[in-house]
Amino acid sequence: MARNALCPLLLAAAAALAEPVPTLELNVDIHQWTATYPETNDFTRAATALGISNVALKAYADGSNLFAIACIETTLADAQATWLEQTNDVQLAPLANGDFGWDPKSTKKSMIPTIDSSSLNIRFSGNRILFAPPRYMEMALAHGQEERRSPMLSGMLDASPMATPLLALLDRFASSQTNQISLATISAMVRTARGAVASIRHYPSIAIEIDASEEGVRNMDLSLSFDSSETALVLQAFLATASRAWMNPSINDRQVKLLGLLDNAAFQSMERDGGSLHFNYRWAAADDKKMMGQVAAAIVGSLPFLPRDGEFPANGTQTIDPPVLLREAAINNEGIAEAIRGATFLDHQWDANINLAIDYLDLPNVDLVEGTISSVQLLAADGTDIAKKPRSGGFSYDNRQRRATITLNKDERNQDAATASFILDLAIPDGVQLFTLSEEQRFIDSGDGGICLVALSNSVVTLRSKGISLRDAKVYARNREGEYLASSGALWSDSSYRGEFNGLPASVVVAIPTSCQDVAVSFTNIVVGNGPLEMPQEPTSGIPARYTCAPTKSYTDPDLDEWATRSMTLSTNAGWRKDECQLQFPMEAGCAIDNVSMKSYLAGGDTFAFEGRSSGYSYSDTSINWSIPQTGPLRAAAALFGQMSATLWSGIGCYETELSTNFTPFVEGFELPAAAAEQNVVWVRTGPDGHVLEVRATDSTGRRLKPSNRQSSRNAQRGYHFWGQPAKATIVYASTNATLDIPFGIALKEGGMDAVPKARTQVESFEAFIAEIRGIEEMSRQFGDLLSASHYASNPQNEPVARIPLEVAHADPEGASVFGYEATPYKGYLFRRVPTTRTGRPDLSSHAWAGGSFDSCGYATSFLLAVPISSERPTILCQWDDVYVHYGTCPDPEAIDTSTWKMREDGWIEIW
């Protein structure tokens with residue numbers, strides 16, 4: 001493996017860059033580097049096997065293109081013979097001009113198709129091997145004959161000339177997109193990237209030289225060269241006087257990262273020479289990796305590619321319960337272990353793992369608790385231990401719900417575990433340091449370091465620290481009302497934190513553990529072999545108590561007039577589902593909606609039927625969303641129009657009531673609604689127009705019980721199941737509702753709405769035809785695969801059934817030979833029923849008609865297919881209440897897979 005490790009790396013480096021204006025120069029004396037490393041090192045072994053003594057690489061910007069040339073010097077008498085034998089990760093194919101072509105045995109498709117990494121030629125010249133594009137091979141030859149010093153490493157990077165070819169590359173990448181909606185998305189990304197790329201024109205060139213004047217010691221000179229001496233002078237003054245600049249919010253993060261050039265144990269001195277700053281370093285060879293990483297982080301980390309806080313959108317407000325943070329906490333090991341064992345339940349056993357849930361982790365400073373799993377044993381029914389080794393599982397914690405998850409991994413996925421034993425090792429903070437920062441108090445001093453609030457804008461909090469690790473901290477944001485905001489994601493390191501919250505932060509609380517106490521909770525032979533622990537369907541005594549701390553939802557009455565003024569929007573970025581986009585209708589948090597439906601149609605293209613579904617939607621605190629496929633008809637259309645309908649509940653009240661076995665009204669002055677408890681179920685009776693939005697319950701100790709998804713109904717009552725015995729209930733009840741029908745229109749092209757009136761007329765006619773087809777499908781189910789039998793079959797009195805009209809029956813070619821008619825289209829369509837399975841004719845039965853008898857299969861295994869005579873019309877498929885259309889070539893009826901995901905994949909569009 002050693003002989004293969006270096007060559008592909010160098011080839012890839014040469015191929016990845018690409019001008020007669022140098023942008024990168026790199027010279028490495030391999031012998032000096034490998035002298036301090038053992039012969040067992042892969043790099044050393046590869047270099048020795050290939051006889052490499054020196055590597056020189058240059059990259060150039062040539063107009064709007066990038067290219068690179070490389071020269072490898074060897075100690076070999078015949079470099080060509082050795083390399084052709086040793087580099088067996090690639091095939092070097094001879095070319096007519098004496099060069100070799102690079103043909104990897106295994107290639108991967110480039111993420112950016114405009115870069116062709118296979119265009120390098122390889123030439124052997126004495127003891128040198130040259131890599132270059134064919135047109136630049138002579139330049140590579142001259143480069144390989146240059147006289148140069150041979151320090152351990154020397155290099156230069158001048159990013160400025162790379163801006164033009166990088167911008168051209170971005171444009172080529174955008175123009176290579178064939179999908180119009182993808183093109184719009186990629187173009188928006190390119191516009192953002194162009195600003196970052198253009199800014200490198202003003203970035204300094206970097207030069208570096210490392211030598212080994214003493215054995216085991218490195219000396220490095222690092223130079224930053226600017227366009228003007230004034231820039232170098234200003235930066236010199238900043239670096240010399242800003243050792244505590246990290247605590248100053250007015251100094252940006254890129255400037256602070258540059259301080260790492262001086263804040264380094266190997267740093268010796270800084271000097272200025274005109275427009276250049278020189279930094280001198282000295283360190284032991286054993287610290288090579290650490291030292292180079294620190295310098296690289298200081299330089300690369302200052303590049304202006306980082307997003308600004310203001311670029312993040314402000315999220316809708318979502319709050320959590322205030323955390324309980326104790327500066328000092330008493331830890332009762334035995335009591336904690338007993339409580340955790342009592343709150344741990346089997347969640348589910350999957351193919352690869354077993355999940356256990358701790359429904360309510362009630363510990364001191366619980367948000368800062370760390371947990372690991374050890375000593376795992378999973379026994380199958382035959383006593384075999386099927387636990388995965390060495391890593392047996394994991395521990396995770398959801399601070400919003402105060403809920404923890406334990407995952408135990410199985411080694412043999414074809415076996416189920418019957419029992420589990422393991423130890424949960426917890427580190428519980430018994431000492432916590434708390435910091436509060438705001439616009440008025442942006443810095444907290446703590447000896448030689450502290451925490452600085454860098455930014456507090458929109459929904460984002462940015463912190464940095466020195467001497468205090470933010471990696472182990474928990475960061476909370478509060479709004480102006482003092483409510484704690486839910487987090488929607490964060491990135492952090494020892495010295496920085498960047499988090500996004502649901503709402504507008506006004507202050508920040510940082511909690512850092514200062515000491516922890518270890519608590520080991522042992523679990524022995526717990527039963528995990530019965531699948532998920534599910535709630536019984538009927539009220540049952542002895543239901544174990546499980547608790548929840550999930551955030552409670554608030555509700556508000558909607559302003560119906562304001563709702564009617566809202567507009568539907570089309571989002572072309574549906575996340576990872578690149579074959580979909582979304583229709584989005586805005587809504588405010590707290591609205592209770594029901595019976596949501598949407599119909600959408602296309603205008604101005606070859607087709608108009610698109611999407612109209614009463615299901616398939618989702619909604620968040622900010623919008624109602626429908627996923628729609630990015631099909632050819634959508635891209636060709638000029639406009640999208642339709643109607644959104646929804647039932648909105650109002651007259652919302654939140655009522656608390658003590659529970660007993662007798663129904664007790666909870667709205668003063670009314671007998672209904674009323675609630676009662678029966679074992680683990682809260683039963684609610686409602687009025688004829690009312691609706692229960694949510695039921696929450698607490699037990700006799702006042703702790704909130706975990707609800708089940710299971711509900712029951714009996715007479716005019718609905719039962720809400722809980723884990724435990726409810727003593728008090730909080731019922732969110734709405735007394736009235738209103739249904740809104742809100743039309744919408746979205747122009748997909750300029751002037752697209754002009755095509756809507758004509759399309760609307762077509763839609764009205766088409767909807768009437770679809771309603772007729774649904775009626776035909778329903779009336780023809782009894783005789784399965786023979787549609788026309790629904791007209792010709794005889795009843796017990798030997799009279800035709802005549803469920804469908806004669807003209808519809810004669811549009812069925814399948815029945816023509818049975819009933820003796822000539823098939824003729826009905827409204828431009830031929831009809832047939834098609835069994836969904838072709839493995840035979842299930843439920844085959846014989847029926848009588850006026851001319852004798854016929855056989856047909858059962859209706860439960862078939863669908864109705866309407867095939868158009870004209871290619872301008874869609875094929876229509878109707879199965880029970882679902883209706884699909886397909887534009888283009890009519891699908892083969894024998895091969896239609898009616899599973900939902902396969903129909904979408906095959907181009908069917910659900911319209912009903």
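This is a guided tour of the structure, stop by stop, with a selection to make at each one.

**The whole chain.** Begin with everything displayed, bearing in mind that the model is predicted. The protein chain has 912 residues, of which 46% count as buried, and its secondary structure comes to 19 helices and 48 strands. If you switch on a surface, the accessible area is about 44,500 Å², with 50% of it belonging to carbon and sulfur atoms.

**The nonpolar cores.** Select Leu222, Leu261 and Tyr281, which have the most contacts inside the largest nonpolar core, a set of 45 residues. Then centre on Leu261 and show its surroundings: setting aside neighbours within four places in sequence, Leu261 is in contact with Leu222, Leu224, Phe267, Phe279, Tyr281, Val295, Ala298 and Ile299. A second core, separate from that one, has 34 residues, and Ala329, Leu346, Leu361 and Ile428 are among them.

**An open sheet.** Move next to the five strands whose order is E20-E21-E22-E26-E25, an open sheet with antiparallel pairing. Its edges are E20 (443-446) and E25 (487-492), each of which pairs on one side only, and from one strand to the next the twist averages 15 degrees. Inside this sheet, select 449-457 and 460-466, the strands E21 and E22, which run antiparallel and are joined by 7 bridges; to see one such pairing, pick Ala455, whose bridge partner in E22 is Thr462.

**Gly467 and Leu485.** Follow the chain out of E22 to Gly467, which is in the loop between E22 and strand E23 (474-478). Gly467 counts as exposed because its relative accessibility is 83%, where the cut-off is over 50%. A distance monitor from Gly467 to Asp494, 27 residues apart in sequence, should read 9.0 Å between C-alpha atoms.

Now select Leu485, in strand E24 (residues 484-485). Is Leu485 buried or exposed? Leu485 is buried, because its relative accessible area of 3% lies under the 20% cut-off. Its contacts, not counting residues up to four places away in sequence, include Thr317, Gln318, Thr319 and Ile320, as well as Ala477, Arg478 and Asn479, and also Phe501. The C-alpha atoms of Leu485 and Phe501 are separated by 6.2 Å, with the two residues 16 apart along the chain.

**Backbone details.** Three loops deserve a look at their torsion angles. Arg402, in the loop between strand E17 (393-398) and strand E18 (403-409), has a positive phi of about 55 degrees although it is not a glycine, and Arg402 is buried at 9% relative accessible area. Gln679 also has a positive phi of about 55 degrees without being a glycine; this residue lies in the loop between E36 and strand E37 (681-685), and at 35% relative accessibility Gln679 counts as partly exposed. Select Leu672 and Pro673 as well, since a cis peptide bond joins them, with omega about 5 degrees; Pro673 is placed in the loop between strand E35 (664-665) and strand E36 (674-678).

**Helix H15.** Select 756-779, the 24 residues of helix H15, which reaches 34 Å from its first C-alpha to its last, close to the 34 Å expected at 1.5 Å a residue. Colouring by accessibility will pick out buried positions, among them Val756, Val763, Phe766, Phe769, Ile773 and Glu777.

**A hairpin to finish.** The last selection is 845-849 with 852-856, strands E43 and E44, which run antiparallel and are joined by 5 bridges. The hairpin connects E43 to E44 through 2 residues, and Ser846 has Asp855 as its bridge partner in E44.

Methods:
Residues numbered from 1 in each chain as written. Predicted model: local features only at pLDDT ≥ 70, side-chain atom pairs only at ≥ 80, totals over all residues. Heavy atoms only, no water. Core = buried A, V, L, I, M, F, W, Y, C linked by side-chain atoms within 4.5 Å. Buried < 20%, exposed > 50% of the residue type's maximum accessible area, 1.4 Å probe, protein only. Contact = heavy atoms within 4.5 Å. Helix = DSSP H or I, 4+ residues; strand = E, 2+ residues; numbered from the N terminus. Pairing = 2+ DSSP bridges. Axes fitted to C-alpha atoms, helices over the stretch in contact; angles between N-to-C directions. Expected span 1.5 Å × (residues − 1). Areas by Shrake-Rupley, 256 points an atom, 1.4 Å probe, with all protein chains shown as cover.
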